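Let's take a walk through this fold, one contact at a time. Keep the structure open and follow along.

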Amino acid sequence: SAGVLEVTNSRGLGYDDGTTAAGTQMNPATHYQATLRLNGGTSNGAVAVGNEWLFNLQGSGVDEQGALVSINGENSWNGRVFATSAAAGVIVMDAVIDVSGTSGSLNMSAGGSGALGVGLSKTGSRRLTMSGSQTFSGRTNVLAGELQFNATSISTAVTAVASGATLSGNGTLSGPLVVAGTLAPGSVGSGLLTVNHDVTFMDSATYTVDVQGTTAGATHDQL
């Protein structure tokens, strides 16, 4: 309900059967002072949380370090994350996700739907990868590191990429995109990043593409 819970083992949160009873609950009254941290830099190796449901992940966590933090290792969270215990599942809500440490990344693969106004801020120097169907409707801020967006989002809110940060991936954004950092369509090899709205490049922006041929998405990147 408060403080930092550090997970160093893939089964550290118990039996991940994708049910409410077996899920991880952050106290709704104090979750803004709580941080769940995945540390894959121990002798146990990367933390790969299975079909574990997480409830009430909100706020910026302890000392604003992030509500969900991944440090070291190629960590992953494969279960749904919920805006409230009664809401439909979403990958992330009004929360700060920090991916930092000396190496590694965080992969989040579950999708779902969420309440109006919920959004995401990505901090930390490492990569956060999102996939699945993301229907949270609030603003997405890529403040540091890389957000690799391989998902489909129906949100019409702004996605903003700060100077020094990167947005990449093969996903689809429904709202406006404002880039002050780097926009790099694709992930491994060439790819397509689709934006069904206006795209604005600020003076500090960089557009990076991989060109190996003439076929969009197959041999060269495309926005």
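E146 is a good place to start: with a relative accessible area of 18%, this residue counts as buried, because the cut-off for buried is under 20%. Keep in mind that we're looking at a predicted model. The partner of E146 is R127, and the two form a salt bridge whose closest N and O atoms are 3.3 Å apart. R127 sits in strand β14 (residues 127-135) and E146 in strand β16 (residues 146-153), so the bridge ties together parts of the chain that are 19 residues apart in sequence. The two ends don't have the same kind of surroundings: R127, at a relative accessible area of 34%, is partly exposed, while E146 is buried.

Between those two positions in the numbering you'll find N141, which belongs to strand β15 (residues 140-142). N141 has 19% relative accessibility and so counts as buried, given that the limit is under 20%. Its side chain makes a polar contact of 2.6 Å with the side chain of R139. Setting aside neighbours within four places in sequence, N141 is in contact with L120, S121, K122 and A160.

How many salt bridges does the structure hold? There are two, and the other one takes us towards the start of the chain. Here E6 pairs with R37, with the closest N and O atoms 2.7 Å apart. This pair also links distant parts of the chain, as E6 is in strand β1 (residues 3-7) and R37 in strand β3, 31 residues apart. E6 is partly exposed, at 34% relative accessibility.

E6 has another side-chain partner to look at. A polar contact of 3.1 Å joins E6 to the side chain of N39, and N39 lies in strand β3 (residues 34-39), the strand that also holds R37. Is N39 buried or exposed? It's buried, with a relative accessible area of 10%. Beyond its neighbours within four places in sequence, N39 touches a fair list of residues: E6, V7, T8, G45, V47, I71 and N72.

Now jump to the other end of the numbering, where the theme turns from charge to nonpolar side chains. F201, Y207, V209, V211 and L223 make up a nonpolar patch on the surface, and together they have about 440 Å² of accessible area. V209 is in the segment after β24 (206-207). With a relative accessible area of 37%, V209 is partly exposed.

Two members of that patch do something else as well. A search of the whole structure turns up one aromatic pair, and this is F201 with Y207, arranged edge-to-face at 6.0 Å centre to centre and 70° between the planes. Both rings belong to partly exposed residues: F201 has a relative accessible area of 38%, and Y207 comes in at 40%.

Finally, step back and take in the whole chain. It has zero helices and 24 strands, and 48% of its 223 residues count as buried. Among contacts with a separation of 6 or more, 50% are between residues 24 or more positions apart. The chain exposes about 9200 Å², with carbon and sulfur atoms supplying 50% of that area.

Technical notes
Residues numbered from 1 in each chain as written. Predicted model: local features only at pLDDT ≥ 70, side-chain atom pairs only at ≥ 80, totals over all residues. Heavy atoms only, no water. Patch = residues over 30% accessible without salt bridge, like charges linked within 9 Å, V, L, I, M, F, W, Y side chains within 5 Å. Areas by Shrake-Rupley, 256 points an atom, 1.4 Å probe, with all protein chains shown as cover. Salt bridge = Lys/Arg side-chain N within 4 Å of Asp/Glu carboxyl O. Helix = DSSP H or I, 4+ residues; strand = E, 2+ residues; numbered from the N terminus. Buried < 20%, exposed > 50% of the residue type's maximum accessible area, 1.4 Å probe, protein only. Phe/Tyr/Trp six-rings, centres within 6.5 Å; stacked < 30°, edge-to-face > 60°. Polar contact = N/O pair within 3.5 Å; in protein donor to acceptor, adjacent residues only side chain to side chain. Contact = heavy atoms within 4.5 Å.
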